[in-house]
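The following note sets out points for discussion on the structure displayed below. The points proceed from strand pairing to the core and then to individual residues.

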Amino acid sequence: MKRTKIIDILQSTEFGCQVLVKGWVRTHRSSKAVDFIALNDGSTIKNVQIVVDPAKFDEELLKQVTTGACISATGMLVESQGAGQSSEIQATAIEI
């Protein structure tokens, strides 16, 4: 799969398609039900939010996703449920 720049994802309305993003972690917030990763690749000042279901990923892998870590994330582009952004990525795979 070809990498998509974050600036293109933030402008896209093609919800439901698979995307691959690579970049640096700005923030990582965890809870029992869901993790949120803000990712930036330098193509824009804005971040894209990656939503992670902790039940589908190895706990040790998610512990390594810290601020400044460089990751590759594959997932489904969906319309955002929260305020502040129009789209987000539901992660299916993460690589550090």
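1. In this predicted model, strands β1 and β4 run antiparallel and are joined by 7 bridges. Within this pair, Lys22 has Ser72 of β4 as its bridge partner. Strand β4 also pairs with β5, in the antiparallel sense and over 8 bridges. There, Gly75 stands opposite Ala91 of β5.

2. On its other pairing, β1 (residues 18-30) is linked to β2 by 6 bridges, and the two strands run antiparallel. The connection between β1 and β2 is a hairpin of 4 residues. Ser30 has Asp35 of β2 as its bridge partner. Asp35 is in turn the bridge partner of Val52 in β3, so that a single residue of β2 appears in both pairings.3. Strand β2 pairs with β3 in the antiparallel sense, over 5 bridges. The parallel pairing of β3 (residues 48-52) with β5 (residues 87-95) rests on 2 bridges. Val51 stands opposite Gln90 of β5. As for burial, β2 (residues 35-40) is mostly covered, with 5 of its 6 residues buried.

4. What do the 5 strands form, and in what order do they run? They make up a closed barrel in the order β1-β2-β3-β5-β4, with mixed pairing. From one strand to the next, the twist averages 55°.

5. The protein chain contains 2 helices in addition to the 5 strands. Read from the N terminus, its elements follow the order α-β-β-β-α-β-β. Of the contacts between residues at least 6 apart in sequence, 51% join residues at least 24 apart.

6. The overall dimensions may be checked against the globule rule. The radius of gyration of the protein chain is 12 Å, which agrees with the value near 12 Å for a compact globule of 96 residues. Along the principal axes, the C-alpha atoms fill a box of roughly 30 × 25 × 25 Å. Buried residues account for 38% of the 96 residues.

7. In soluble globular proteins, nonpolar side chains tend to be buried together. In this model, the largest nonpolar core comprises 20 residues. Val21, Ile37, Leu39, Ile50, Val52, Ile89 and Ile94 have the most contacts inside this core. At least two core residues come from each of α1 (6-11), β1, β2, β3, β4 (70-79) and β5.

8. Ile89 may be taken as an example from this core. Neighbours within four places in sequence being set aside, Ile89 is in contact with Ile9, Val19, Val21, Val48, Gln49, Ile50, Val51, Gly75, Met76 and Leu77.

9. Is Ser72, in strand β4, buried or exposed? Ser72 counts as buried because its relative accessibility is 13%, below the 20% cut-off. Beyond neighbours within four places in sequence, Ser72 is in contact with Leu20, Val21, Lys22, Ala93, Ile94 and Glu95. One of these, Lys22, is also its bridge partner.

10. Asp41 lies in the loop between β2 and β3. With a relative accessible area of 12%, Asp41 is buried, since the criterion for that class is a value under 20%. Which polar partners does the side chain of Asp41 have? It makes a polar contact of 3.2 Å with the side chain of Arg3. The side chain of Asp41 also reaches the backbone nitrogen of Ile6, at 3.1 Å. Apart from neighbours within four places in sequence, the residues in contact with Asp41 are Arg3, Lys5, Ile6, Lys22, Gly23 and Trp24.

11. Thr67 is located in the loop between α2 (59-64) and β4. Its relative accessible area is 61%, and Thr67 is therefore classed as exposed. Residues up to four places away in sequence not being counted, Thr67 touches Val25, Arg26 and Thr27. A polar atom of the Thr67 side chain lies 3.5 Å from the backbone oxygen of Arg26. The C-alpha atoms of Thr67 and Thr27 are separated by 5.4 Å, although the two residues are 40 apart along the chain.

Technical notes. Residues are numbered from 1 along each chain as its sequence is written. This is a predicted model: local features need pLDDT of at least 70, side-chain atom pairs count only at pLDDT 80 or more; totals for chains, interfaces and linings use all residues. Side-chain values use heavy atoms; hydrogens and water are left out. Two strands pair if DSSP finds at least two bridges between them. Axes are lines fitted to C-alpha atoms, for helices over the stretch in contact, and angles run from 0 to 180 degrees between N-to-C directions. Buried means under 20% relative accessible area, exposed over 50%, partly exposed in between (1.4 Å probe, protein chains only). A nonpolar core is a set of buried Ala, Val, Leu, Ile, Met, Phe, Trp, Tyr and Cys residues joined through side-chain atoms within 4.5 Å. Contact means heavy atoms within 4.5 Å. A polar contact is a pair of N or O atoms within 3.5 Å; within protein, one must be able to donate a hydrogen and the other to accept it, and residues adjacent in sequence count only if both atoms are side-chain atoms. The radius of gyration is taken over C-alpha atoms; the globule rule is 2.2 Å times the number of residues to the power 0.38.
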